[in-house]
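Thanks for sharing this one. Here are my notes, point by point, to read with the structure open beside you.

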Amino acid sequence: MQPNPELIRTIANRYAANLTLCFPLRRTSLQLARAIHANFITFGFQPRAHILNRLIDVYCKSSELRYARNLFDEIPEPDKIARTTMVSGYCASGDISLARSVFEETPLSMRDTIMYNAMITGFAHSHDGCSAVNMFREMRREGFRPDNFTFASVLAGLAHVVEEEKECVQFHAAAIKSGAGSVTSVMNALVTVYSKCDLLNSARKVFDEITEKDERSWTSMMTGYVKKGLHQEALEMVRRMVSNAIELDAFTYPSVIRACATSGLLQFGKQVHAYALRRGDFSFHLDNSLVSLYYKCNKFVEARAIFDKMPAKDLVSWNALLSADNGFGEEGLRLFSCMRKEGFEPCDYAFSGVIKSCAVLGAYCNGQQFHAQLVKIGFDSSLSAANALITMYAKCGVVEEARRVFITMPCQDSVSWNALIAALGQHGHGAEAVGVYEEMLKEGIKPDRITFLTVLTACSHAGLVDKGREYFDSMETVYCIPPGADHYSRLIDLLCRSGRFSEAESVIKSLPFEPTAQIWEALLSGCRVYGNMELGIIAAEKLFELIPEHDGTYMLLSNMYAATGKWEEAARVRKLMRDRGVKKELACSWIEVETQVHKFLVDDTSHPEAEAVYNYLKELGKEMRRFGEKIAVAFGLMKLPPGRAIRVFKNLRTCGDCHNFFVYLSRVVQRDIVLRDRKRFHHFRNGECSCGNFW
């Protein structure tokens with residue numbers, strides 16, 4: 001029996017009408033779409049393209065990309081709308097790799113400006129400015145005409161990579177030629193691009209030429225001033241906005257505050273905060289941005305006070321608290337738990353925050369559980385979450401898991417590569433870290449300042465002096481990145497680890513700035529290992545001038561004197577430390593057993609199982625109770641099943657006595673012991689350490 005065409009048309013119209021109720025997107029849209037989808041599966045209805053396209057659109061806009069892709073793959077010949085929707089959906093979710101695969105599988109005849117715009121916007125949002133610019137150029141080569149949105153998007157991408165005035169001028173001219181040069185959104189983007197290239201006069205000229213300035217116009221100019229450190233000019237922009245009766249709204253305040261947070265400009269952020277207080281201008285967005293500002297500037301008490309006083313909290317409020325990259329540990333786990341108890345479902349950024357908390361604590365089991373939840377919810381393809389997982393596994397001493405996360409990511413950004421290089425370097429796999437760096441370059445990923453810090457550290461820990469020196473020299477000569485004090489301190493550390501003190505001294509003398517405490521610390525550490533007293537004393541004296549309150553300098557110098565039998569000098573340094581009121585930081589070690597973190601201090605008796613631990617210590621050696629990390633290891637040996645690696649974390653650098661003990665203990669008990677101290681990881685196995693006795 002042939003189906004009734006009229007009946008089919010009626011049913012199709014009914015489904016189409018019901019799907020229109022999903023727009024504009026609201027909380028119930030996804031539930032309704034799923035019900036409609038289930039209904040026509042149940043009754044065997046074969047929807048036409050326009051219905052499938054609407055359903056795919058709902059799934060994409062609801063971040064249910066798997067459902068959208070399943071539907072898309074069932075269409076024998078997806079049309080332009082379906083393909084553009086999938087490209088936009090993947091781009092919005094940050095999965096640029098899959099977006100690009102759909103885009104490249106689309107015949108040229110089916111592409112249009114909207115699809116190109118989606119890709120350009122996706123690259124821009126992913127901070128991949130090079131790809132955004134290349135896509136724009138491909139679009140023009142293929143004969144597609146860019147519109148206002150195209151220029152606004154490609155300029156946003158250009159802002160991430162622009163280095164020369166010539167590039168700014170070329171794109172500015174192209175926008176004018178196309179007729180988009182006087183559009184407010186495009187001019188706003190030009191202000192940002194010129195600002196990023198430190199061409200503030202040009203940025204201001206474009207700003208002044210905007211006939212219809214909106215809040216973003218003012219914010220773009222203010223942000224440019226803020227990032228350049230021109231605080232008074234930025235405040236003047238705020239005053240001009242007010243005098244021109246332009247309200248600082250929920251977009252303007254947070255944008256300026258976010259710029260302050262990114263640049264670490266706490267004082268200017270506080271000025272804007274005070275200005276908002278005087279005017280009584282507050283909103284969710286402002287409060288959330290202030291929370292991020294204070295957390296990122298390590299003002300945890302102030303951040304928590306603002307959060308606690310908020311009359312109401314939304315999902316962004318919790319995410320602002322959790323996603324701030326501030327290194328808090330137990331507090332992060334508590335906040336995440338409170339968020340869920342309040343009925344808020346965390347997004348991938350919140351998961352990233354709590355996973356970072358696990359990294360700080362070395363809470364491997366907790367981190368594994370959050371990883372499992374990410375997979376279950378479907379956030380495992382999120383860049384921010386995956387990058388946090390790489391760091392978490394690395395800082396928990398499980399570098400193979402970090403590597404596995406990286407390999408299985410659908411796409412990687414520079415943060416992903418940096419995280420893996422850092423992970424390998426921290427664990428003594430210097431040659432592998434260098435290999436990953438070289439692979440990164442082959443993939444066309446441009447290294448940044450963080451990349452060079454990680455690869456220099458890896459070279460230092462592996463003793464790859466010449467290779468490290470080559471990479472350092474390439475910063476300026478190849479990538480036009482001027483080395484900072486942190487890069488120079490890595491170079492000094494690299495040279496000192498191989499005993500090349502004359503080279504280290506030459507580098508210090510040729511510095512383009514005054515040597516910082518970081519640099520003298522690197523020199524002093526090298527002197528300690530090689531017993532170079534003369535140079536070590538010079539470094540220590542410089543550190544006494546720069547950071548007289550730092551206990552590590554006194555301890556290192558005292559230990560150097562003691563190692564060479566100069567007991568009077570060692571005692572003098574200890575007395576100087578006491579006279580100046582400098583106290584040695586209390587050593588603390590911790591270990592995770594069955595998702596619970598157990599902390600131990602020297603001679604600690606506060607732990608509920610302290611007596612049992614000390615009895616066990618007596619069996620292993622009378623001297624063990626003097627050292628907190630030894631107590632933690634003993635607890636792990638008692639509690640963890642045979643064969644399981646013991647992972648202990650310490651807030652200070654490990655001492656020679658403990659290091660030698662763990663080398664011996666790993667052979668006696670036939671257990672792998674992983675120790676993370678302030679500087680690096682030590683993997684003790686069968687009487688050997690991964691650090692090669694250089695830490």
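1. Let me start with β3 and β4, which pair in the parallel sense over four bridges. I646 stands opposite I673 in β4, and the bridge partner of V648 in that strand is L675. Please keep in mind throughout that this is a predicted model.

2. On its other pairing, β3 (residues 646-650) joins β1 (residues 588-593), here in the antiparallel sense and over three bridges. Two cross-strand positions are worth finding on screen: W590 stands opposite F649 in β3, and S589 stands opposite K650 in β3. As a reminder, strands of a sheet pair through backbone hydrogen bonds, either parallel or antiparallel.

3. How do these strands fit into the sheet as a whole? The sheet is open and has six strands, in the order β2-β1-β3-β4-β5-β6, with mixed pairing. Its edges are β2 (596-601) and β6 (688-689), each of which pairs on one side only.

4. Is β3 enclosed or open to its surroundings? Five of the five residues of β3 are buried, so the strand is largely enclosed by the rest of the structure. I646, V648 and K650 point one way, while R647 and F649 point the other way, and all are buried. You may like to look at K650 and R647 in particular, as both belong to this buried set.

5. Strand β4 (residues 673-676) is likewise covered on both faces. I673 and L675 lie on one side, V674 and R676 on the other, and all four residues are buried.

6. Turning to the nonpolar cores, the largest has 194 residues, and those that touch the most other members are M86, L155, F268, I492 and L523. Helix α23 (residues 383-395) gives the largest share of this core, with nine residues. Apart from it lies another core, of 25 residues, including Y614, A634, V663 and L675. L675 is the β4 residue that serves as bridge partner to V648.

7. F268 deserves its own view. Leaving aside residues up to four places away in sequence, F268 touches V226, H231, A234, L235, V256 and C260.

8. Next, a helix pair. Two packed helices are described by the angle between their axes and the distance between the axes. For α9 (residues 148-161) and α10 (residues 165-178), the angle is about 175 degrees and the axes are 11 Å apart. That makes α9 roughly antiparallel to α10. The contact brings F151, V154, L155 and L158 of α9 against E167, F171, A174, A175 and S178 of α10. L155 is also one of the residues that touch the most other members of the largest nonpolar core.

9. Helix α18 (residues 300-309) is a good one to look at end-on. Its buried residues are A303, I306 and F307. Seen down the axis, they fall within an arc of 100 degrees, so they line one face of the helix. An α-helix has 3.6 residues a turn, so residues three or four places apart point the same way. The face turned away from the buried side of α18 carries the exposed residues V301 and K309.

10. Two loop residues call for a look at their backbone. Most residues other than glycine have a negative phi, and most peptide bonds are trans. H127, though not a glycine, has a positive phi of about 65 degrees. H127 sits in the loop between α7 (113-125) and α8 (129-141), and is exposed, with a relative accessible area of 58%. C480 is the other case, with a positive phi near 55 degrees. C480 is found in the loop between α28 (465-477) and α29 (485-497), and at 55% relative accessibility this residue counts as exposed.

11. Finally, how far is A571 from R100? Their C-alpha atoms are separated by 66 Å, and the two residues are 471 residues apart along the chain. A571 lies in helix α34 (residues 567-579). With a relative accessible area of 43%, A571 is partly exposed.

Key: Residues are numbered from 1 along each chain as its sequence is written. This is a predicted model: local features need pLDDT of at least 70, side-chain atom pairs count only at pLDDT 80 or more; totals for chains, interfaces and linings use all residues. Side-chain values use heavy atoms; hydrogens and water are left out. Buried means under 20% relative accessible area, exposed over 50%, partly exposed in between (1.4 Å probe, protein chains only). The arc is that of the directions from the helix axis to the C-beta atoms. A nonpolar core is a set of buried Ala, Val, Leu, Ile, Met, Phe, Trp, Tyr and Cys residues joined through side-chain atoms within 4.5 Å. Contact means heavy atoms within 4.5 Å. Two strands pair if DSSP finds at least two bridges between them. Axes are lines fitted to C-alpha atoms, for helices over the stretch in contact, and angles run from 0 to 180 degrees between N-to-C directions. Angles under 35 degrees count as roughly parallel, over 145 as roughly antiparallel, 65 to 115 as roughly perpendicular and the rest as oblique.
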